[in-house]
Amino acid sequence: MQPFSILDLFKVGIGPSSSHTLGPMRAAERFAQKLSTDALLTQVVQIRVSLYGSLALTGVGHSTDKAVILGLSGLDASTVDPNEAELTFQKVKASQELRLNGEKNIRFDPNESIRFFGDIFLPEHPNGLRFCALDEHGIELEEQTWYSVGGGAIANELAKDAEHRDLLQEFADERPYPFVNAKELMEHCVNNQLSIAEVAQLNEAALQGGKDAVTDWVESIVSTMTACMNRGLTLEGPLPGGINVQRRAKRMADQLKSKEVDEFSVMDWVSVYALAVNEENAAGGRVVTAPTNGSAGVIPAVLLYLENHRDGLPSNWHSTFLLTCAVIGWLYKRNASISAAEMGCQGEIGVASSMAAAGMAAILGGTPEQVEHAAEIAMEHHLGMTCDPIAGLVQVPCIERNAFGAIKAIQAARLSLSEPGDHCVSLDECIETMRQTGEDMVSKYKETAQGGLAVNVVVC
């Protein structure tokens with residue numbers, strides 16, 4: 001099994017959701033590829049897709065139906081143009097025909113072929129989906145069950161425990177500085193006089209076959225994040241979904257440019273950066289999971305804050321920032337979850353804020369202890385945050401939460417740098433608290449649109 005790289009926390013895909021769009025799209029693509037590899041495509045007459053739990057309850061608002069159609073069509077989430085994706089989806093709906101894996105046309109009526117079982121939660125994970133391929137006689141040719149486990153990651157067997165059990169053995173063999181929690185990470189830093197980013201760089205160079213792969217990754221992620229934000233700053237009008245949420249980033253940016261700079265202007269710009277990214281995500285644009293689509297604006301907003309509003313940054317700081325962020329995100333994924341269907345929004349915005357706080361503290365000269373403290377502070381003040389999207393859309397309250405997550409990250413980094421790092425609550429303790437809180441949270445507050453704002457706001 002290929003060891004899990006921390007770089008996988010950042011995936012390029014399309015919005016609006018990593019767990020409900022990107023993950024199902026990747027699973028559908030794998031299923032279609034398997035049919036082709038096993039020489040079954042010529043026999044396939046019908047495909048049935050069953051969505052369970054959270055995937056079913058918020059599937060339409062999160063474009064899960066669109067995602068499985070794109071994946072079954074053989075489109076790759078990391079490379080497909082968002083406009084091409086929308087055209088493909090609309091064509092399948094209109095013609096009721098799908099070109100399976102880009103090779104064979106089959107009849108596919110989304111209203112019949114995609115079934116939503118919101119009252120059934122598969123035991124392995126709240127985000128379950130099944131694919132079944134049938135021949136002309138209705139005989140099953142292939143069946144697969146997948147789980148979208150957060151951040152665009154997918155698993156086709158015991159989504160949590162089996163995944164973690166396998167990965168630990170691989171990491172211990174291949175990483176020069178193996179760790180499974182923040183305590184072990186900090187010991188490597190202290191004992192070897194390394195920063196968190198340096199530990200990550202050395203580990204990833206070993207896993208990826210050299211430093212060049214890490215450098216290429218950094219450049220690609222920064223470029224995609226920046227392009228997403230820049231596009232978001234050019235567009236206006238309502239977001240798709242039918243609840244008439246208007247894009248605000250461009251209007252806010254234009255207002256800021258015309259005003260005199262005051263003590264709040266910088267924080268306003270941070271909000272604009274975050275809103276621009278997540279408005280693009282809500283519109284189905286190209287984004288980077290950081291660590292999820294729903295929280296995709298937090299880390300870019302802090303990145304652009306450092307880029308545009310701080311002087312004297314060290315050389316190669318993009319690499320230090322992103323590698324530090326990725327390490328912290330991996331700790332949450334390894335020891336809890338980054339899936340809102342499991343953890344609520346604390347597992348998305350909270351984790352993104354924690355990652356960004358650590359990255360910023362590292363850039364501003366923080367010791368490993370201060371960087372770990374920054375990550376802990378940011379999460380501590382997101383604990384218990386629910387995921388209650390109105391109309392099942394990644395819009396309200398999701399878009400604004402990215403702005404507040406970025407601002408909290410900046411303040412958490414600043415607080416940590418004023419302390420020596422000998423804080424009361426460790427990052428490991430905070431991660432474990434998040435995990436327990438998520439497990440205790442009732443399902444209606446975990447990306448099901450059955451509680452909170454989703455039921456108290458009337459959508460006409």
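## Aromatic pairs, cavities and backbone details

Phe117 counts as partly exposed because its relative accessibility is 26%, and the cut-off for a buried residue is under 20%. This value, like the others in this section, was computed from a predicted model. The ring of Phe117 returns below as one partner in an aromatic pair.

How many aromatic pairs does a search of the whole structure find? The search finds six. A pair of aromatic rings is described by the distance of the centres and the angle of the planes. One of the pairs joins Phe31 and Phe131, which are stacked, with 5.2 Å from centre to centre and 20° between the planes. This pair links distant parts of the chain, since Phe31 belongs to helix α1 (residues 18–37) and Phe131 to strand β6 (residues 127–134), 100 residues apart. Are these two partners buried or exposed? Phe31 has a relative accessibility of 0% and so counts as buried. Phe131 is likewise buried, because its relative accessible area is 0%.

Another stacked pair is formed by Tyr52 and Phe117, where the centres are 5.4 Å apart and the planes meet at 20°. This pair, too, links distant parts of the chain: Tyr52 is in strand β2 (residues 46–53) and Phe117 is in strand β5 (residues 114–117), with 65 residues separating them. Here the two partners fall into separate classes of exposure. Tyr52 has a relative accessibility of 8% and therefore counts as buried, whereas Phe117, at 26%, is partly exposed.

Aromatic rings can be found beside charged groups as well, and Arg175 gives an example with Phe179. The charged end of Arg175 sits over the ring of Phe179, at 4.7 Å from the ring centre. Arg175 also lies over the face of Trp330, and there the distance to the ring centre is 5.4 Å.

The next topic is empty space inside the model. A search of the whole structure finds five cavities of 30 Å³ or more. The largest of them has a volume of about 130 Å³. Its lining is made up of 15 residues, and those closest to the centre of the cavity are Gly294, Glu348, Cys387, Val394 and Cys398. What classes of residue make up the lining of the largest cavity? Seven are nonpolar, four are polar and four are charged.

The backbone has some details worth a look. Most residues other than glycine have a negative phi, and most peptide bonds are trans. Against that background, the peptide bond from Gly15 to Pro16 is cis, with omega near 15°. Pro16 is in the loop between β1 (12–14) and α1. A cis peptide bond also runs from Ala290 to Pro291, with omega near 0°. Pro291 is placed in the loop between β9 (286–288) and α12 (298–309).

Turning to phi, Asn244 is not a glycine, yet its phi is positive, at about 60°. This residue lies in the loop between α9 (211–232) and α10 (249–258). Asn244 is exposed because its relative accessible area is 54%, and the cut-off for an exposed residue is over 50%. Ala391 is another residue other than glycine with a positive phi, near 60°. Ala391 lies in the loop between α16 (368–380) and α17 (398–417). With a relative accessibility of 41%, Ala391 counts as partly exposed.

A record adds some context. The unreviewed UniProt entry places the feature "domain: Serine dehydratase-like alpha subunit" at residues 192–454. Over residues 192–454, the chain is 62% helix and 1% strand, and the C-alpha atoms at the ends are 49 Å apart.

Finally, which residue is 100 residues away from Val218 in sequence but 7.0 Å away in space, C-alpha to C-alpha? The partner is His318. Val218 is found in helix α9, and Val218 is buried because its relative accessible area is 7%. His423 offers a similar kind of example: His423 and Glu372 are separated by 51 residues in sequence and by 9.8 Å in space, C-alpha to C-alpha. His423 is in the loop between α17 and α18 (427–440). The relative accessible area of His423 is 22%, so this residue is partly exposed.

How values were computed: Residues numbered from 1 in each chain as written. Predicted model: local features only at pLDDT ≥ 70, side-chain atom pairs only at ≥ 80, totals over all residues. Heavy atoms only, no water. 1 Å grid on protein atoms, 1.4 Å probe; cavity = no way out; pocket = protein on both sides within 12 Å on 5 of 7 lines; lining within 4 Å. Points joined across faces, edges and corners; volume = space filled by probe spheres on them. Nonpolar A, V, L, I, M, F, W, Y, C, P; charged D, E, K, R; others polar. Phe/Tyr/Trp six-rings, centres within 6.5 Å; stacked < 30°, edge-to-face > 60°. Helix = DSSP H or I, 4+ residues; strand = E, 2+ residues; numbered from the N terminus. Buried < 20%, exposed > 50% of the residue type's maximum accessible area, 1.4 Å probe, protein only. Lys NZ or Arg CZ within 6 Å of the ring centre and 35° of its normal. UniProt positions renumbered as here; feature names shortened; annotations may be inferred.
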